[in-house]
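This report is meant for someone meeting the structure for the first time. It begins with a pair of aromatic residues and then turns to the annotated site and the nonpolar cores.

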Amino acid sequence: MRPFAVIALSLVSLSCLATSSLSAESITERAAPCLACHGEKGVSETENTPSLGAQQPAYSLIQIYMFREKLRVAEPMNDMVKDFTDDDLRLFSDYLATLPKPAALEAGDPQGIASDPARMQAAKALTSQFRCDSCHNADFSGRDNIPRIANQREDYLAKTMREYKDNSRHGYDATMADVMQSISEAQIVELAYFLARVK
């Protein structure tokens, strides 16, 4: 993996580029294959596949860049973005931020069961204990290069936390891997439950 400084410098350069695409297709047309997996209007209905609606553009830019450069490996994503230009990276990340944010799970749970208030309160305390509400904001909407995690798919949240914990997913820095080392499997389940339902 390249040092963080190299990635950061590359991303600063990308952020200065124009957002126009050389393609004659509109961004809506070009994003259609992405939304086939990530859900119409950016709200995923596919297992272990994240919703992208209202995601922080700086975070999306970093992730798409990492997929393009194979610094983050997931074959479908690496293949989809391998020919993206630098302009494309910015165009797509800005577009995803305009899609509607996902709604909190409650009556929409697969079992149709409303969230458990006591469980939500206990899990909220975990978000303070592990500083989730500091980095990702008090409403978990994210900021800058820190992602929106509010109302993300519960299965994807749990999967991602497990991957950071076992070091099978690498961020552009070690923050999440460090945080996850002290979080138990039971706490991962509770954090994912809460974040998928937070209002």
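In this predicted model, F84 and F92 are both buried. Searching the whole structure turns up two aromatic pairs, and F84 and F92 make one that is tilted, with 4.7 Å from centre to centre and 35° between the planes. The rings of F140 and F194 have their centres 5.8 Å apart and their planes at 85°, so this pair is edge-to-face. F140 lies in the loop between α7 (132-135) and α8, whereas F194 belongs to helix α10, so the pair ties together parts that are 54 residues apart in sequence. Both F140 and F194 are buried.

Aromatic rings also meet charged side chains in this model. The ring of F84 has the charged end of R30 over it, 6.0 Å from the ring centre, and R119 lies over the face of Y193, at 3.6 Å from the centre of that ring.

**The annotated site**

Which residues does UniProt list under "binding site"? The record, an unreviewed entry, names C34, C37, H38 and M77. These residues span 44 residues in sequence, yet no two of their C-alpha atoms are more than 11.3 Å apart, so they gather at one spot. The table sets out three of the listed residues.

| Residue | Helix | Relative accessible area | Class |
|---|---|---|---|
| C34 | α2 | 18% | buried |
| H38 | α2 (residues 27-38) | 11% | buried |
| M77 | α4 (residues 75-81) | 24% | partly exposed |

The limit for counting as buried is under 20% relative accessible area, so M77, with 24%, is classed as partly exposed. When residues up to four places away in sequence are not counted, H38 touches V43, S44, T49, P50, S51, L52 and M77. On the same basis, M77 touches H38 and F67, so that these two annotated residues are in contact with each other according to the 4.5 Å limit between heavy atoms. C34, leaving aside its neighbours within four places in sequence, is in contact with M80 and F92, and F92 is also a member of the tilted aromatic pair described above. L52, which is among the residues touched by H38, is 18 residues from C34 in sequence and 9.6 Å from it in space, C-alpha to C-alpha.

**The nonpolar cores**

In soluble globular proteins, nonpolar side chains tend to be buried together. The largest nonpolar core of this model has 23 residues, and the members that touch the most other members are F140, L157, M161, I183 and F194. Helices α6 (117-129), α8 (154-165), α9 (175-180) and α10 (185-197) each supply at least two residues of this core. Which helix gives the largest share of this core? That share, seven residues, comes from α10.

F194 is thus a residue that links two parts of this account, as a member of this core and as a partner of F140 in the edge-to-face pair. Apart from its neighbours within four places in sequence, F194 is in contact with M120, A123, K124, T127 and F140. Another core, of 21 residues, lies apart from the largest one, and L35, L89, F92 and L96 are among its members. F92 therefore appears in this other core, in the tilted pair with F84 and among the contacts of C34, a residue of the annotated site.

Key. Residues numbered from 1 in each chain as written. Predicted model: local features only at pLDDT ≥ 70, side-chain atom pairs only at ≥ 80, totals over all residues. Heavy atoms only, no water. UniProt positions renumbered as here; feature names shortened; annotations may be inferred. Helix = DSSP H or I, 4+ residues; strand = E, 2+ residues; numbered from the N terminus. Buried < 20%, exposed > 50% of the residue type's maximum accessible area, 1.4 Å probe, protein only. Core = buried A, V, L, I, M, F, W, Y, C linked by side-chain atoms within 4.5 Å. Phe/Tyr/Trp six-rings, centres within 6.5 Å; stacked < 30°, edge-to-face > 60°. Lys NZ or Arg CZ within 6 Å of the ring centre and 35° of its normal.
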